[in-house]
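Here is a colleague's note, set out as numbered points, to be read with the sequence and the structure side by side.

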Amino acid sequence: MMKFMLKCFVLCTILLFGVLIGMQYANQGIIKMKGYQDPDLQSAFQVENETGDVQASILGNNVTSQDLQEKQEQLEQIEAFNFFSQIGKQFATLVSNGVSSLLESIATLLNRN
């Protein structure tokens, strides 16, 4: 039994060090891939606050509130019809009405007895 415990302890220790070495190697690879030394490399989403003005940029493109309002107006004009959404709504109302009528019929049967 002691021999088995010793083998398990040694294997777990080796696996632990292997995991730690792998995490360190992965971290170094991510740093190399990201390129910290590149000053032009920016994060995907930035919010800058200069002199009280908030400016947001997504993938290097500046985003203003006017852009968001224009996109909202475009979405309202499109009024896209989602077939599956409509089927889901109709199915939900059908199930809801069916359960309601079933519960009402059970309640009337119980009240008669």
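**Notes on the cysteines, the surface and the confidence**

1. In this model, which is predicted, the count of disulfides comes to 0. A disulfide would need a pair of cysteine sulfur atoms within 2.5 Å, and the sulfur of cysteine 8 is 6.3 Å from the closest cysteine sulfur, that of cysteine 12, which is too far for a bond. Taken from the other side, the closest cysteine sulfur to that of cysteine 12 is the one in cysteine 8, again at 6.3 Å and too far for a bond.

2. How exposed are these cysteines? Cysteine 8 is partly exposed, its relative accessible area being 30%, whereas cysteine 12 counts as exposed, with a relative accessible area of 51%; the cut-off for exposed is over 50%.

3. Turning to the fold, the protein chain has 3 helices and 3 strands, and, read from the N terminus on, these elements follow the order α-β-β-β-α-α.

4. How much of the protein chain is buried? Of its 113 residues, 3% count as buried, where buried means under 20% relative accessible area. The protein chain exposes about 10,900 Å², and carbon and sulfur atoms supply 63% of this area.

5. A nonpolar patch of about 800 Å² lies on the surface, and the residues that make it are Phe91, Leu94, Val95, Val99, Leu102, Leu103, Ile106 and Leu110. One of them, valine 99, belongs to helix H3, which covers residues 83-112, and valine 99 is partly exposed, with a relative accessible area of 42%.

6. A word on confidence should go with these points. The average pLDDT of the protein chain is 78, and 67% of the residues score at least 70. Among the elements, H3 has the highest mean pLDDT, at 91, while strand E1, made of residues 45-50, has the lowest, at 60.

Definitions and conventions:
Residues numbered from 1 in each chain as written. Predicted model: local features only at pLDDT ≥ 70, side-chain atom pairs only at ≥ 80, totals over all residues. Heavy atoms only, no water. Buried < 20%, exposed > 50% of the residue type's maximum accessible area, 1.4 Å probe, protein only. Patch = residues over 30% accessible without salt bridge, like charges linked within 9 Å, V, L, I, M, F, W, Y side chains within 5 Å. Areas by Shrake-Rupley, 256 points an atom, 1.4 Å probe, with all protein chains shown as cover. Salt bridge = Lys/Arg side-chain N within 4 Å of Asp/Glu carboxyl O. Helix = DSSP H or I, 4+ residues; strand = E, 2+ residues; numbered from the N terminus. pLDDT = per-residue confidence, 0-100.
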